[in-house]
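Take the sequence and the model side by side. The walk goes from the overall layout to local backbone details.

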Amino acid sequence: MSVVRYEPAGEIGYIVVNSPPVNALSVAVRQGLLDAIGTFAADDARVAVLYCEGRTFIAGADISEFGKAPVPPFLPDVIAAIEASTKPVIAALHGTVLGGGLEVALGAHGRIGLNGTRVGLPEVTLGLMPGAGGTQRLPRAIGIEKAAEVITSGRQIGAAEALDLGILDALSDAADARTAGTAEAQRWLAEGRAPRRLSEVPAPGITDDALAALRAKVDRTARGQVAPLRALDTMIEGLSMPFPAAMQHERSAFLALMQTPERAALIHAFFAERAAAQMPVNARPRQFQRVGIIGGGTMGQGIAAAALNAGLDVTLIERDQAAADKALAGIARMQDEAVKRGKLSQVDRDAMVHDRFRAGSDYAALSESDLVIEAVFENMDVKQEVFRQLDQVCRPGAVLATNTSYLDVDQIAGVTGRPQDVIGLHFFSPANVMRLLEIVIAEATAPDVVATAFALAKAMGKIAVPSGICDGFIGNRMLLAYRTAADHLVLDGASPFQVDRAVTGLGFPMGPYQVGDLAGLDIGYATRQRKAATRDPRERVPVFADRLVEAGRLGRKSGQGYYIYDAESPKGRPAPDVDDLVAQVRSDLGLTPRSFDDEEIRDRYMAAMVNEAAKILDEGIAAKPSDIDAVLLHGYGFPRHKGGPMHWADTVGLDRIVANILSYAADDPYFWALSPLLEKLASEGRRFADLNAKSS
Ligand code: 3H9
């Protein structure tokens, strides 16, 4: 069946797109739209309604066509044909009207949206800019400043705001887009309205000062990405040209961005997230409506909020009623915050906190739970005791999950009589905000339990990545490796502040010492103390970090760590004595410092990350390289416009990374033991991406 059809129905003609999953503008859809607009022109209908079947109106250009030679008809021409129609065309919108989808709607003469519709121009999130008139029609519809915000942020806009801004003409509570579009078309017919073409609206202007302020703001928030500023400039430049010239100008800027490594990285990230969500098993999920949570600390509260937001019922167990009440208060506060930010209605908030949430101290309350997530103190004995109790009270078939971030899930499952029901669900804090969920599949975990974990992740809007069992799973194991590389740099002569600067220069929001301060320096200290007795003598200890903790400097929570946090610098300024403290440690250890430039710092940091990732892949802990990218992008602040460490490594060249590691290994062969997989790929001239292709 054709992906676009024209249905004549008297005075109204329907242009119907049906191209699952998201009605993206593939070449077939573009051609279909062009044909349909021609049929409408020749038909007796006096107005057309353009709408989509399925879950959404057109969600954009077909991303899978990017990077290949463009095939006509090109989208700007299709939209020009829609706009040029002498009879009105009304776009009836539902779902996520994004990118080229919104550009098609802006080419129509009227736009009505169902309640719940979301619109946006997310091209910059793919390293692109709107390439089918978005930079020229949107400012004519809503003004330069608002259009600049929409285009350079790439954010999705809710229906009410879209109406307010003037992107939509009207909202409808009809049951479907066809009904809404029909009502709007009848109104147009009754009023005898003629097409209003945005390309014919006079271009708005902006003062030099306002433009300078806008550019400065976009530059600040772009964090090294090219597309947002390029999009802004193209919009402004185009507005001073005749419309057809502006369209040419936009098209060439769009095609130029298509060639950038940033675009390749961002689109890689898009597909990596979706590839990670492909379940490694073929099974149907069990039901998981009633969720139990053990532990009401920060993590337990965050998981509870995420479950409530997903529409699930939550029973939270704490050690006593006072602790349970405290958890309830914490969750209520989180949801109040969400109401304040407009993310949640007061009615939904009340239903969550009063009707769908219970907190108590008796495990018996979990007897009917479908899925229980343990989020207690990170200690094997404590966790095993929790699972023994769960084994006693939970109904047969309930999924039992641990939120451990390091411990062996097999050992936890082993204390129950139902290891097939046990799985790891490693949430990241704050769990109601962070999108990553590592799904740790244990030796005996049943396929339908794995399927349940993936279904839960989808319900919660999380990026699920499967992981095998090892110390730290995918993300924390890599974190340890690159943090250690940073510590070695400091021991050997770099300042912690220089390391942070070099790392943020790569696009990370924070460097390792800023992250340490934020998390609390006592955490790493406690781990080092615990591991001291079994530590390999070749391992180098960051004694300077221990000295800070021993002096009571725990990071943000104590007002001082590597940085000082006070009213003058709430986000922290370098503590002036840290470099001396580090120098003293070097001298105590008999180390002769040398200097590092930022490039070497970055090379070492990234080499440690990539080398560990290759080992993780080789051991089968991660299923494919793009899964590792998804983990680092969503749990560890890896700059999205670099695509993730595996994509980054492919871009830099594996042979270069191997050569670096071999040169570092001359001084420290223990830490810099080269991954055999990395060595093999480099010697064969292959890339990590080749392994993605193999596994997908
Ligand atoms: C653009 O429009 C440029 C123009 O300005 C100029 C052109 C000249 N193409 O995310 P989901 C697939 S740039 C191809 O799991 P959800 C996706 O891979 C584009 N495929 O569902 C997945 O496939 P699979 C601007 C696409 O409900 C399946 O659909 N548009 C596209 O959680 C389901 O996706 C965007 O950036 C696409 N455009 O979310 C929008 N979109 O099942 C990008 C999705 O095989 N898309 N697929 O893994 C999204 O943000 C989300 O997919 C959306 C649905 C919100 C639409």
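The paragraphs below cover domains, ligand shell, sheets, a helix and unusual backbone angles.

This is a predicted model: local features need pLDDT of at least 70, side-chain atom pairs count only at pLDDT 80 or more, and totals for chains, interfaces and linings use all residues. Residues are numbered from 1 along each chain as its sequence is written.

Start with the domains. The assignment gives domain 1 (4–259), domain 2 (290–467) and domain 3 (475–543 + 579–695). Such bounds come from an automatic or database domain assignment. The centres of domain 1 and domain 3, taken over C-alpha atoms, are 44 Å apart.

A UniProt record, an unreviewed entry, places "domain: 3-hydroxyacyl-CoA dehydrogenase C-terminal" at residues 472–565 and 603–686. UniProt positions follow the numbering used here, feature names are shortened, and annotations may be inferred rather than shown by experiment. Residues 472–565 are 59% helix and 2% strand, with end C-alpha atoms 30 Å apart. Residues 603–686 are 65% helix and 0% strand, and their end C-alpha atoms lie 20 Å apart. Helices (H or I, at least four residues) and strands (E, at least two) are DSSP runs, numbered from the N terminus.

Now turn to the ligand. Its surroundings hold 24 residues, of which Gly60, Ala61, Gly99, Gly100 and Gly131 come nearest. A residue is near a molecule or strand if its C-beta atom, placed from the backbone, lies within 6 Å of it. Strand 5 (96–98) and helix 3 (100–107) each give the shell at least two residues. By class, the shell has 13 nonpolar, seven polar and four charged residues. Here Ala, Val, Leu, Ile, Met, Phe, Trp, Tyr, Cys and Pro count as nonpolar, Asp, Glu, Lys and Arg as charged, and the others, Gly among them, as polar.

Strand 5 also belongs to an open sheet of three strands, ordered 5-7-8, with mixed pairing. Strand 5 and strand 8 (157–158) are the edges, each pairing on one side only. Two strands pair if DSSP finds at least two bridges between them. Strand 5 runs parallel to strand 7 (residues 118–120) over three bridges. There, leucine 98 has glycine 120 of strand 7 as its bridge partner.

Move on to strand 15. Is strand 15 (residues 422–427) mostly covered or mostly open? Six of its six residues are buried. Buried means 20 or more other C-beta atoms within 10 Å of a residue's own, exposed 12 or fewer, and partly exposed in between, with C-beta atoms placed from the backbone. Val422, Gly424 and His426 point one way, while Ile423, Leu425 and Phe427 point the other. Strand 15 pairs with strand 14 (residues 399–402) in the parallel sense over three bridges. Its antiparallel partner is strand 16 (residues 436–440), over four bridges. Leucine 425 stands opposite isoleucine 439 in strand 16.

The loop between strand 15 and strand 16 holds proline 430. A cis peptide bond joins serine 429 to proline 430, with omega about -5 degrees. Another cis bond links proline 20 and proline 21, with omega about 0 degrees. Most residues other than glycine have a negative phi, and most peptide bonds are trans.

Positive phi values close the tour. Asparagine 23 has phi near 55 degrees. It sits in the loop between strand 2 and helix 1, and counts as buried because 26 C-beta neighbours lie inside 10 Å. Phenylalanine 473 also has phi near 55 degrees.
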